[in-house]
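Please look through the structure below with its sequence at hand. The text after it goes from the inside of the chain to its charged pairs.

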Amino acid sequence: MFEKLAEMICNYVEVEPESIRPESRFMEDLGFTSFDFMSMLGELEDEFDIEIDQQEAVEIRTVQEAADYLEKLTKEA
């Protein structure tokens, strides 16, 4: 899940996949804007056929938190 997420992140911001770490923060470290983040969430919903809760999504700060959340959702689906 982490690798897939790292690939997707590179579609939204100018970073090298190998520079993305589990502790990388979307806004502070990777340069995401709120719009970038919400756009990526929409793409993740389509890609994995899941529904991301907006209230839970705003709590996601790091790439690892996002990967863990996606793992949980895909197991429930």
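What kinds of residue line the largest cavity: nonpolar, polar or charged? In this predicted model, the lining divides into eight nonpolar residues, with no polar and no charged ones. They are Phe37, Leu41, Leu44, Ile52, Ile60, Ala66, Tyr69 and Leu70. Two elements, α2 and α4, give two or more residues each to this lining. The space inside the largest cavity comes to about 40 Å³. With a cut-off of 30 Å³ or more, the count is one cavity. The general idea behind such a search is that rolling a probe the size of a water molecule over the atoms shows where empty space is left.

One of the lining residues, Ile52, also appears in the largest nonpolar core. That core has 24 residues, and the members that touch the most others are Leu5, Ile9, Phe26, Leu30, Met40 and Ile52. Helices α1, α2 and α4 each supply at least two residues of the core. The largest share comes from α4, which gives six residues.

Phe26, one of the core residues just named, leads on to the aromatic rings. A pair of aromatic rings is described by the distance of the centres and the angle of the planes. The structure holds four aromatic pairs. Take Phe26 and Phe32: their ring centres are 5.2 Å apart and their planes stand at 85°, so this pair is edge-to-face. The step from angle to name rests on a cut-off, because planes over 60 degrees apart count as edge-to-face. Are Phe26 and Phe32 buried or exposed? Both are buried. Ring pairs also join Phe26 and Phe32 with Tyr12 and Phe37 into a cluster. Phe37 is thus found in two places in this account: in the ring cluster and in the lining of the largest cavity.

The next topic is charge. Side chains of opposite charge can pair when their charged atoms come close. How many salt bridges does the structure hold? There are three.

One of them joins the side chains of Lys4 and Glu47, at 3.4 Å from N to O. This pair links distant parts of the chain, with Lys4 in helix α1 (residues 2–9) and Glu47 in helix α2 (residues 34–48), 43 residues apart. To place these two residues relative to the surface, use the range for partly exposed, which lies between 20% and 50% relative accessible area. Lys4 has a relative accessibility of 31%, so Lys4 counts as partly exposed. Glu47 is partly exposed because its relative accessible area is 43%.

Another salt bridge is formed by the side chains of Arg25 and Asp29, at 3.1 Å from N to O. Arg25 has a relative accessibility of 36% and therefore counts as partly exposed. Asp29, with a relative accessible area of 41%, is partly exposed too.

There is also a salt bridge between the side chains of Glu71 and Lys75, at 3.5 Å from N to O. Where do Glu71 and Lys75 lie? Both are in helix α4 (residues 63–76), four residues apart, which is about one turn of the helix. Glu71 is at 30% relative accessibility, so Glu71 counts as partly exposed. Lys75 is at 66% and therefore counts as exposed, the cut-off for exposed being over 50%. Helix α4 holds this charged pair, and α4 also supplies six residues of the largest nonpolar core.

Conventions: Residues numbered from 1 in each chain as written. Predicted model: local features only at pLDDT ≥ 70, side-chain atom pairs only at ≥ 80, totals over all residues. Heavy atoms only, no water. Phe/Tyr/Trp six-rings, centres within 6.5 Å; stacked < 30°, edge-to-face > 60°. Buried < 20%, exposed > 50% of the residue type's maximum accessible area, 1.4 Å probe, protein only. Salt bridge = Lys/Arg side-chain N within 4 Å of Asp/Glu carboxyl O. 1 Å grid on protein atoms, 1.4 Å probe; cavity = no way out; pocket = protein on both sides within 12 Å on 5 of 7 lines; lining within 4 Å. Points joined across faces, edges and corners; volume = space filled by probe spheres on them. Nonpolar A, V, L, I, M, F, W, Y, C, P; charged D, E, K, R; others polar. Core = buried A, V, L, I, M, F, W, Y, C linked by side-chain atoms within 4.5 Å.
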